[in-house]
Amino acid sequence: MRLEDDIRWQRLHEVFGGVFDIGFDHPDAWPHGSRRASGLDVLKEGEDKLGTDLCQLGPLRYIRCALPLPILGSEAVFGYGVWAEVAPDDFTAYLTAWDAEDYSEFSGAAAALANALPGWNIATPVAAKMRVTSPEVRPALWVDPAAHPIGAAQQRGISFDVLLDIYAEAGSDLRPQLEQP
């Protein structure tokens, strides 16, 4: 059966408007609470700072990225909005490129996934590569397939059932709503 013929896939689009992403407010190591819950654009605790896209925690530096997972049998891509830990020099280079809106001198950096992901047994950090394509979109985070199976899943895609498992583990079991007529 083709995915577009799956009634659950059709209902996902009717009821929820299609595939939706799961994002993280902060890196797992951030100890100062949620920026979103604080209502602040930037949450500060001493020298530590957390914004929507950048985080400084002591000597650690993080950049908000999208971790894409294509859905097999469709053009859809599910994404985790994750945090990537990068070296301080790479963080500074990224900021320079971001401020200039010119990434010609900075296409990416070695990184480490800084969030545990629903649906995957991940003990962070996990080796990855952060890639920047344009100033209009968040950098993409590509996990090393040798470091964790999610890296291979990024390359080959995930089934719709795996996506539903991810949603359920994240606290949104959609199956009952998708199977109802």
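**Helix crossing, core and selected residues**

User: Is the crossing of H1 and H5 left-handed or right-handed?
Analyst: Happy to start there, with the reminder that this is a predicted model. The two partners are helix H1, residues 7-16, and helix H5, residues 160-169. Taken together, H1 and H5 form a crossing that is left-handed.

User: How do the axes of H1 and H5 lie to each other: parallel, antiparallel, perpendicular or oblique?
Analyst: Two packed helices are described by the angle between their axes and the distance between the axes. Here the axes of H1 and H5 come within 11 Å and cross at roughly 50°. Parallel would need an angle under 35 degrees and perpendicular one of 65 to 115. The crossing angle therefore makes H1, relative to H5, oblique.

User: By class, how many nonpolar residues are in the contact of H1 with H5?
Analyst: On the H1 side, the residues are Arg8, Trp9 and Leu12, and they meet Phe160, Asp161 and Leu164 of H5. Sorted by class, this contact has no polar and two charged residues, and its count of nonpolar residues is four.

User: Which strand gives the largest share of the largest nonpolar core?
Analyst: In soluble globular proteins, nonpolar side chains tend to be buried together. The largest nonpolar core in this model has 51 residues, and those with the most contacts inside it include Leu67, Tyr80 and Trp120. Its largest share is six residues, and they come from strand E6, residues 77-86.

User: Which isoleucines does Tyr80 touch, beyond residues up to four places away in sequence?
Analyst: Tyr80 is one of the residues with the most contacts inside the largest nonpolar core. Among the residues it touches are Phe24, Leu67, Leu117 and Trp120. The isoleucines that Tyr80 touches are Ile22, Ile150 and Ile166.

User: Is Asp25 buried, partly exposed or exposed?
Analyst: Asp25 sits in the loop between strand E1 (22-23) and helix H2 (35-38). Beyond its sequence neighbours up to four places away, it touches Gly33, Ser34, Arg35, Arg36, Leu50 and Trp83. Its relative accessible area is 8%, and the cut-off for burial is under 20%. Asp25 is therefore buried.

User: And is Asp28 buried, partly exposed or exposed?
Analyst: Asp28 is also found in the loop between E1 and H2. Its relative accessibility is 40%, so Asp28 counts as partly exposed.

User: What is the C-alpha separation of Arg131 and Gly108?
Analyst: Arg131 is in strand E8, residues 126-131. Gly108 is among the residues in contact with Arg131, as are Ser107, Pro139, Ala140 and Trp142. Arg131 and Gly108 are 23 residues apart along the chain, and their C-alpha atoms are separated by 4.2 Å.

User: Which is the sign of phi at Glu101, positive or negative?
Analyst: Most residues other than glycine have a negative phi. Glu101 lies in the loop between helix H3 (88-100) and strand E7 (108-113), and its relative accessibility of 59% makes it exposed. Phi of Glu101 is near 50°, which is positive.

User: How far apart in space are Pro59 and Glu179, C-alpha to C-alpha?
Analyst: Pro59 is in the loop between strand E4 (54-57) and strand E5 (60-70). With a relative accessible area of 67%, Pro59 is exposed. Pro59 and Glu179 are 120 residues apart in sequence, and their C-alpha separation is 48 Å.

Note on methods
Residues are numbered from 1 along each chain as its sequence is written. This is a predicted model: local features need pLDDT of at least 70, side-chain atom pairs count only at pLDDT 80 or more; totals for chains, interfaces and linings use all residues. Side-chain values use heavy atoms; hydrogens and water are left out. A nonpolar core is a set of buried Ala, Val, Leu, Ile, Met, Phe, Trp, Tyr and Cys residues joined through side-chain atoms within 4.5 Å. Buried means under 20% relative accessible area, exposed over 50%, partly exposed in between (1.4 Å probe, protein chains only). Helices (H or I, at least four residues) and strands (E, at least two) are DSSP runs, numbered from the N terminus. Contact means heavy atoms within 4.5 Å. Axes are lines fitted to C-alpha atoms, for helices over the stretch in contact, and angles run from 0 to 180 degrees between N-to-C directions. Angles under 35 degrees count as roughly parallel, over 145 as roughly antiparallel, 65 to 115 as roughly perpendicular and the rest as oblique. A crossing is left-handed if the near helix is turned anticlockwise from the far one by less than a right angle, and right-handed if clockwise. Ala, Val, Leu, Ile, Met, Phe, Trp, Tyr, Cys and Pro count as nonpolar, Asp, Glu, Lys and Arg as charged, and the others, Gly among them, as polar.
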